[in-house]
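Me: Please take a close look at one helix of this model. What does each of its sides face, and how do its surroundings fit into the rest of the protein?

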Amino acid sequence: MAIEQPSGATPTTPTTGGEGEGREARAAGAATAAGPGAEAGRRERGDLAQAPLRYAGLFEEPSGYGQAARAHLGALVGAGVRVRPHLMISSSERVRGGSGAEFCRGLPKPFADGNERLAILHTIPTSFQDLTKNERVRVGLTAWDAPVLPSTWVEPSARVDEIWVPSEFSAGAFREATKTPVEVIPHPVVPFEGGAAPYPGLPDGRFFFLSVFEWQERKNPIGLLRAFRAAFQGKRDVALVLKLGYHFGASRDDIARELRREARGGVGPWRAPDVYVIWDDLSPPMLARLFRRADAYVSLHRAEGFGLCMAQAMATGKPVVATAYSANLEYMDDASAFLVPGELVRARSEPWHPFEREMRWCEADRGAAVEALRACAYDDAERERRASAGRARVLALCGPGPIGRRMAERVARLGA
């Protein structure tokens, strides 16, 4: 199993084409990040002094929280809600070291203070209090990845007037643990538009599975590598691309050692399939190119509060292989994805993720994962059928238009 770093994986700008192409790609990436409401946001920027809503989010982050915050903001503005973004600063030095401006192009300018009547605090509950100002109504927008809420989240969840979560899976944990009203507002899913596109360092002529995640046990990276190896041992026509984050836990060196350990293997017909690793944070246009280059997406996660990258892949028209557990089942089924069954087991605690002893998550069945990966790679008709069904399903349920209108209605009812 060869572990390779694509030469074109740069954190902020495309590495091919002239300056004109780079500007066009960055503009397209900004529209993707902000959602279809970005232009409306620019038109209304002059009215922001009277904005009724403050939105605190990690808009500069390349993380899932950052992507979701930009998508929600764009959907709100697209639905006609006047919003002023409040730029949160990440607690991770590894995140703060990046160029956040690339992710905020097209968004309304951040501000220091205002007189908003309602605030949306897009963060984990233990940070709600730190972001509270003088608003009359406070909404906590967050997510959790298990049916049981962490004990440290219970009391902070009572400090807001309403909690928004992206799935019924997340909602169940909050409703069980707190009396605060809970609304399910899925993350707005914006497709990476455009046809197939090359990506620097990824060769032509191979079927590429893509997986994008922060390295942690919940994402099951070693299980994915072992299933992929078992599915395509000795094959040269299929490869895996891992776009990895390492901001909140394991170091790059620790991850690289695990990858090398899993890469040891046979030669000739027993040679393990190639794996390409992208370590850098990618700008929106480069991330779009990566998704468009991929032939399929795979997530053998153990639990997800939503699963934004899976949903984005579906919206972009890519077939998805995924564990048949947690929030992703709210926008995919056997007709629209290649689902992998598994067994509920005790969750493993991680210092940066508050899983507790009584919590459970799902261990994907390796044999079923092997079958699903092979079917996705080699059954052309079934792959295209499920990809088409997946795109239609996720956009109907989670498109930025419907989600923006739902948020706007909720804001109106809360009295903003």
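Reply: **Helix α14 and its surroundings**

The protein has 14 helices and 15 strands (DSSP runs numbered from the N terminus: H or I of at least four residues for a helix, E of at least two for a strand). This is a predicted model, in which local features need pLDDT of at least 70 and side-chain atom pairs pLDDT 80 or more, while totals for chains, interfaces and linings use all residues. Residues are numbered from 1 along each chain as its sequence is written, and side-chain values use heavy atoms, without hydrogens or water.

The helix chosen here is α14, residues 400–413. Its 14 residues span 20 Å from the first C-alpha to the last, close to the expected 20 Å (1.5 Å times one less than the number of residues). Buried along α14 are P400, I403, G404, M407, A408, R410 and V411 (buried: under 20% relative accessible area; exposed: over 50%; partly exposed: in between; 1.4 Å probe, protein chains only). Viewed down the axis of α14, these buried residues fall within an arc of 165°, so they line one face of the helix (the arc is taken over the directions from the helix axis to the C-beta atoms). The spacing follows from helix geometry: an α-helix has 3.6 residues a turn, so residues three or four places apart point the same way. E409, A412 and R413 are exposed on the other side of α14. After α14 comes G415, with a positive phi near 95°.

The buried residues of α14 pack against strands β2 (53–57), β4 (118–122), β6 (162–165) and β7 (182–184), and against helices α3 (64–78) and α13 (contact: heavy atoms within 4.5 Å).

Helix α13 carries salt bridges of its own (a side-chain nitrogen of Lys or Arg within 4 Å of a carboxyl oxygen of Asp or Glu). E382 pairs with R386, the closest N and O atoms being 2.6 Å apart. The two are four residues apart in α13, which means about one helical turn separates them. Both E382 and R386 are buried. R393 forms a salt bridge with D333, at 3.3 Å from N to O. R393 is in α13 (residues 380–398) and D333 is in the loop between β12 (320–323) and β13 (338–340), so the pair ties together parts 60 residues apart in sequence. R393 is partly exposed at 29% relative accessible area, and D333 is partly exposed at 28%.

By this rule the protein has 22 salt bridges. A network of them links D145, R218, K219 and E304.

Elsewhere, the largest nonpolar core has 37 residues, and F209, L240, L242, L244, L259 and V321 have the most contacts inside it (a core: buried Ala, Val, Leu, Ile, Met, Phe, Trp, Tyr and Cys joined through side-chain atoms within 4.5 Å). Elements giving two or more residues to this core include β8 (207–214), β9 (238–245) and α12 (366–378). α12 gives the most, with seven residues. A second, separate core of 36 residues includes Y199, L202, A239 and Y331.

For the protein as a whole, 58% of the 416 residues are buried. Among contacts between residues at least 6 apart in sequence, 73% join residues at least 24 apart.
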